[in-house]
Each structure stands twice: as structure tokens, then as C-alpha cells.
Amino acid sequence: MDKNFQEEQFTGIIKFTPPLYKQRYQFIKDLVGKYKPKKVADLGCADCTLLWMLKFCSCIEVLAGLDICASVMKEKMHRLSPLPGDYLQPAERSLTVTLHHGSVAHKDPCMLGFDLVTCIELIEHLEQSELKKFPEVVFGFMAPSIVVISTPNSEFNPLLPGVTLFRHPDHKFEWNRVQFQSWALETARHYDYSVEFTGVGQPPTGMENVGFCTQIGVFIRKYPQTSESAQSEKPTEAVYKMVFKAVYPSLKDEKYLQNAVVSEVIFTAQIIKQSLLDCLMSEHEECNDDPTERKSKLQPSMNCFSEDLGKLVVEKSMEPFVDGSVVYIPLTTIFSFPKVNRLCGTFEKLCKLIAGKVALSSDGSAVMFNTGHENEEN
């Protein structure tokens, strides 16, 4: 069942802009922007919409979703797969996304080591026995640095047309602010977290006393986990079933980094080559001399190149040159270009990555191109 669709039916008269579910997701995105977590788990991920939004956050390297209903996850999980563009232009960060079928009342080692755990509109779906186990699983076992829990504020319900008891037929309870805050404060105290309360979904003017439509608790762990506490009573047996896994292409992978570097080297060398040939065509008509009689090492003048390119080439004395029908572009010149430099880091790394992938001079110091259009493919 689509929780967002159900919710929109009930909040149709009270207009939330953006829609309430989007406000909850934006709250999480803002929190990610503030704390920059690398590993995020969404418990009760349902149709994976939040995970899909979070995969675009550049700080996140691991995303995991958990839900008791595998069919709901499987319906939309394809959105979490890499797109063709992700392979054409791999990101600098690594990203792994996994989805798991299981209950938040059970402990599984695959959920250890996360910086942020989100539980958006989850706890009200739990049976009493599950809710009792929930704090130990999330705060005691998983013990992330930050936990975000959102749940309906029952004080807002009289303002929602069509709501007689609960907002969703699967809800087992809905707490008012005092009930939620009492539970949250006791949980935070027991597991050494602090908690701040806020929410999304502003009430209508004049009805501010009912509070937010969705109440939110943000839990921050007070003390870093010690190695002893991190290892104590951590089961090694997996109880969740993985239903999806995607590993995105990344420049941290040598294969993708090599492809990116080779492409950038060829692109940069082609620009330098064309600039040189255009210059020689206009300024050095004598280049038609027989190349077998002498080596035509023709140095371009400063105005042959764009301002930036000329500065790089002339200042560093790394001029490209033509010898017969071959253009030579020194690797040191190519390495001086910011994007190549950033990709490789060191000149040695550049040489290693392009070895065997780009046509080089006999001493390996320069990229070679034919002055014509033939034989330019590498």
C-alpha cells in the first residue's frame, strides 16, 4: 500500500506545500547536508523514494534500506540502479546501495557501522512486541551517531478530514506530543543519546497549539562507541535477506579511473595538437620543407595558443612540436592541465594509467599524433 497516496487523500483539504512526505524527505536531506554522513540506513524504506533522493548526496558512500514487505521494495528498486551516464562519467566517490527484507525487531550485522539511521513514519506500524525491541536494535545494537524518527502527531488528526481513529489502516497506534516525547526521552537516556524535537507540516493559522502534523525526534549519540561496546553482543548470523545490491562505478576503482584519465589525456592532447597545427599553418609556411633533410622542430609563438594554454606551455618550457608527419605533446604539458592533474594526483600515476592505452614516443615522454586525421584512434 502506498503510504504517501493514502496520506495525500487525508490532507487534501489542508494543503501542505510541498506535500507532507516531501517535507519529511527534505528534512532528512537537510540533515545529511549538515552532518555529511557517509553511511545511511533507512528503516521501513517502503518504495525506496528516500533512498533514491539520498543517492544524489555526494557525501554518502553506503545506502541501505530495510523493510518488512519485500514486494513494495522490489516494485521501485530499479530506480536505485546506476544509469548509463554513471558509467560514462563515474563519480569520484564510491556508492553501494543494498536493500534488505526483514524486521526492525531483529538484529543483523549488515546494519552495523552506519552514521545515520532514519525511521520515517515507521514506529506506528509496529506491534507492541516489536516496538518494545525496537530501541535495543536501533540504539543499542546499531548505535549510529544520529537517529531520526518521525511519526504522526495525533493532536493534528481532528484537522484531517476522513480520519476517525488513525491516518492509515496499518497503524497500531498514533501518539500525541507528550507520549512521543516521553518515549523518546526515556530511550535517549537509556542509550546515552540526546534528543531534540521538531516536525514538518505547519498547522493552519490560529491552530498552532496542535503542533506539527508530523512530529520528529533527532537523536544524537553523546559518546563515540568504544571498541569494547562495538564488539559486545554483536551477532554474526544474518537474519535479513538481501533483495537488491548496486555498486556504482567510481573513480576510486582503478578500471574506471584509467578510462577517465585516458579519455581526458586524449582530449587534452587533441586540443593542443589542433592549436599547434592551426598556428603552424598560418605562421610557418616554410614547414613544407622536406622533413627528411632536417628535423623540423617548430616552436609555436605565444599567440598560437589560448591565453591559458599558452601560459602553461610557455612558462613551463614544455612546448609541443612537429617532426615530419607526427605531432608530439609532452606528458608534462598534459599533466599541467587541472583536470588531468586532479584525476591522477602524481605524474607517475599518469604514466602508469596511460601505459599501453595511448601512443607514446619511444622514451615515453610525449603523446604522439599523426598530423592528418588517419591513425588518430588509440
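User: Happy to be looking at this predicted model! In which sense do β4 and β5 pair?

Analyst: Welcome! Five bridges link β4 and β5. One spot to look at is Cys-119, which stands opposite Ile-149 in β5. The sense of the β4 and β5 pairing is parallel.

User: Which helix does the chain pass through from β4 to β5, and what is the hand of that crossover?

Analyst: After β4, the chain goes through residues 128-142 before it reaches β5. Those residues form helix α6, and the β-α-β crossover is right-handed.

User: In which sense does β5 pair with β7, and which residue of β7 stands opposite Ser-150?

Analyst: β5 and β7 are joined over seven bridges, in the antiparallel sense. Looking across from Ser-150, the residue you meet in β7 is Ile-216.

User: Is β5 largely enclosed or open, and how many of its residues are buried?

Analyst: Let's take the faces in turn. On one side, Ile-146, Val-148, Ser-150 and Pro-152 are buried, and on the other side Val-147, Ile-149 and Thr-151 are buried too. β5 is therefore largely enclosed by the rest of the structure, with the buried count at seven of the seven residues.

User: Which element gives the largest share of the largest nonpolar core?

Analyst: This core has 43 residues, and Leu-54, Ile-60, Leu-99 and Val-148 touch the most other members. Elements that give two or more residues to the core include α3 (49-54), β3 (96-101) and β5 (146-152). The largest share is seven residues, and it comes from α2.

User: How many residues are in the second, separate core?

Analyst: You can find this core through Val-138, Phe-173, Trp-183 and Ala-188, which are among its members. Its count of residues is 32.

User: Is Val-178 buried or exposed?

Analyst: Val-178 is found in helix α7, residues 177-190. Exposed means over 50% relative accessible area. Val-178 has 64% relative accessibility, so it counts as exposed.

User: How far apart are the C-alpha atoms of Val-178 and Asn-153?

Analyst: Along the chain, Val-178 and Asn-153 are 25 residues apart. In space, their C-alpha atoms are separated by 9.8 Å.

User: Within what arc do the buried residues of α13 fall?

Analyst: The buried residues of helix α13 (residues 347-354) are Leu-350, Leu-353 and Ile-354. They line one face of the helix, because, seen down the axis of α13, they fall within an arc of 85°.

User: Which residues are exposed on the other side of α13?

Analyst: Turn the helix around from its buried residues, Leu-350, Leu-353 and Ile-354. On that other side, the exposed residues are Glu-348 and Lys-352.

Methods: Residues numbered from 1 in each chain as written. Predicted model: local features only at pLDDT ≥ 70, side-chain atom pairs only at ≥ 80, totals over all residues. Heavy atoms only, no water. Core = buried A, V, L, I, M, F, W, Y, C linked by side-chain atoms within 4.5 Å. Buried < 20%, exposed > 50% of the residue type's maximum accessible area, 1.4 Å probe, protein only. Helix = DSSP H or I, 4+ residues; strand = E, 2+ residues; numbered from the N terminus. Pairing = 2+ DSSP bridges. Right-handed = clockwise from strand over helix to strand, strands pointing away. Arc of directions from axis to C-beta.
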